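Subject: Structure for your review

Hello,

Please find the structure below. My notes on it follow.

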Amino acid sequence: MHSTLQLTVIGKVFNPNKGKVLSLNRDLDRYVECVRWYLSFKPTSRGKLHKDAYEKAKERFDLKTALIQSARDKAVEIYKSFEKVKGKDSEIHLRRCCMRFDERSFKFVKVGKGLTPYWLHLSLSGAYGRTAFPIVFGERKELIEEALDGEYSIKSIEMKKRKGEWYVHFNLSRGVGMPDTPDTVIGIDRGEKNFAVAVGIQKGSPNKPRKGMFWSGAEIKALKGKYHHIRRSLGRKKLPQEIKKIKGKLSRKTDQLLHKLANGIVAYASQFENPVIALEDLTHIRNQFRKKKNGKRLNRRMNSLPFRKLQDYIEYKALKEGIPVEYIDPKNTTKECHRCGTINNVGYHRNYWCPNCGLTYDRDLNASINIAQRITSSLGWGTRECPEQPNEVSVAKT
Ligand SMILES: [Zn+2]
């Protein structure tokens with residue numbers, strides 16, 4: 001099995017000369033016009049849109065062919081996602097979008113001279129060759145270096161204009177080998193009390209959950225509390241700039257802690273043979289929530305703590321190690337008894353108790369076993385039949 005690891009690195013166009021910026025601005029205007037025009041066809045299929053409009057688009061818009069094609073694909077993407085949300089017959093008013101260049105229309109190189117060694121060459125209209133732009137990087141520069149060394153391929157870039165400045169989003173990807181069938185399923189529950197709880201279920205002994213592990217997330221929660229406190233006192237003194245500074249500082253610190261936690265979870269998974277990580281599908285939670293079916297708890301879970309970010313980090317780090325991540329429907333993962341399958345009301349008790357079979361268990365550990373079992377049952381690893389307590393349980397302070 002193969003999977004693709006994808007990530008984005010953002011660079012900034014650094015001190016470009018005026019003429020070059022003018023041609024970039026001009027192409028952006030034409031590109032947005034072109035996407036708008038394509039959108040007027042209400043396109044749902046790339047092939048059909050190409051047949052209906054491509055030749056006309058080439059006459060109509062003075063852009064390089066690669067850009068006209070990218071505008072076409074972008075229009076289909078925008079229309080499809082828009083249609084999903086708003087329904088078929090609504091009109092789209094596209095205010096702006098970014099310009100995508102594919103492999104044919106850009107070249108990214110490192111040459112060791114001047115203020116920055118990174119140069120992006122773009123095929124723009126009206127120019128014979130490519131136009132070169134100097135690029136600088138902040139975060140994730142090491143990934144760009146890895147891409148230049150061939151560890152990632154840069155399949156496309158997006159040119160984005162924000163407040164008069166130009167930014168480049170590099171879309172990096174690489175193939176990762178994955179085991180065909182897992183031998184262990186790692187269930188991860190995320191919650192407010194324990195930020196994350198993991199448990200491993202192995203193929204040979206599906207009824208013996210292994211090595212439960214708790215991450216309280218105390219430091220992350222403390223930072224969150226600290227921020228609210230400072231924010232309130234600065235808010236009273238009307239110091240928005242200070243708030244911004246503090247916010248940036250604390251979110252960087254939170255990020256560090258989230259990376260550490262995600263590393264811990266992936267290291268936990270790596271100790272097992274051929275693991276797969278099972279997580280609750282949070283978009284699912286959010287969508288369900290939109291239907292107002294879910295209670296306050298899920299709402300809080302969605303909003304108060306950075307679960308989504310943690311998920312992204314886990315997924316990225318796991319893929320890098322060749323560990324697949326699967327998402328499951330979060331319905332009843334907290335309420336279900338992992339031993340007999342009965343759905344019980346749990347309220348706010350920390351301990352889970354099942355009146356049907358008498359199981360008493362840590363609530364979050366019960367949930368993470370349920371999460372893992374969603375996958376193990378689809379793999380046909382036997383039934384519930386009285387799973388035992390995990391043989392070892394440890395707690396990480398992160
Ligand atoms: Zn039970």
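Of the 398 residues in the protein chain, 30% count as buried. Please keep in mind that this is a predicted model. The secondary structure of the chain comes to ten helices and 15 strands. Among the contacts in the chain with a separation of 6 or more, 67% are between residues 24 or more positions apart.

Helices H1 and H3

Helix H1 covers residues 18–39 and helix H3 covers residues 65–86; their axes come within 8 Å and cross at roughly 50°. That angle makes H1 oblique to H3. The crossing of the two is right-handed. On the H1 side, the contact is made by Asp27, Tyr31, Cys34, Val35, Tyr38 and Leu39. On the H3 side, the residues are Leu67, Ile68, Ala71, Arg72, Lys74, Ala75, Ile78 and Tyr79. Sorted by class, this contact has eleven nonpolar residues, three charged residues and no polar ones.

Helices H1 and H2

The axes of H1 and H2 come within 11 Å and cross at roughly 145°. This crossing, too, is right-handed. H1 contributes Cys34, Trp37 and Tyr38 to the contact, and H2 contributes Leu49, Ala53, Ala57 and Arg60. The contact of H1 with H2 divides into six nonpolar residues, one charged residue and no polar ones. Cys34 and Tyr38 of H1 appear in the contact with H2 and also in the contact with H3.

Helix H2 itself

Helix H2 runs over residues 46–60 and has a kink of about 55°, centred on alanine 53. Which residues of H2 are buried? They are Leu49, Ala53 and Ala57. The cover over these buried residues includes H1 and H3. Leu49, Ala53 and Ala57 are also listed in the contact of H2 with H1. Ala53 is therefore a residue to look at under several headings: the kink is centred on it, it is buried, and it takes part in the contact with H1.

The loop between S12 and S13

Strand S12 (325–328) and strand S13 (351–353) are joined by a loop that holds arginine 339. Is arginine 339 buried or exposed? It counts as buried, because it has 20 C-beta neighbours inside 10 Å, and the cut-off for buried is 20 or more. Arginine 339 is 30 residues from isoleucine 369 in sequence, while the C-alpha atoms of the two are 9.4 Å apart in space.

Asparagine 332 is placed in the loop between S12 and S13 as well. Its phi is near 65°, a positive value in a residue other than glycine. Asparagine 332 is exposed, because 12 other C-beta atoms lie within 10 Å, and exposed means 12 or fewer.

Asparagine 15

A positive phi in a residue other than glycine is also found at asparagine 15, where the value is near 40°. Asparagine 15 is in the loop between strand S1 (2–13) and H1. It counts as exposed, given 10 C-beta neighbours inside 10 Å.

Regards

Methods
Residues numbered from 1 in each chain as written. Predicted model: local features only at pLDDT ≥ 70, side-chain atom pairs only at ≥ 80, totals over all residues. Axes fitted to C-alpha atoms, helices over the stretch in contact; angles between N-to-C directions. Helix = DSSP H or I, 4+ residues; strand = E, 2+ residues; numbered from the N terminus. Parallel < 35°, antiparallel > 145°, perpendicular 65-115°, else oblique. Left-handed = near helix turned anticlockwise from the far one by under 90°. Contact = placed C-beta atoms within 7 Å. Nonpolar A, V, L, I, M, F, W, Y, C, P; charged D, E, K, R; others polar. Bend = angle between axes of the 7 residues up to and from the residue.
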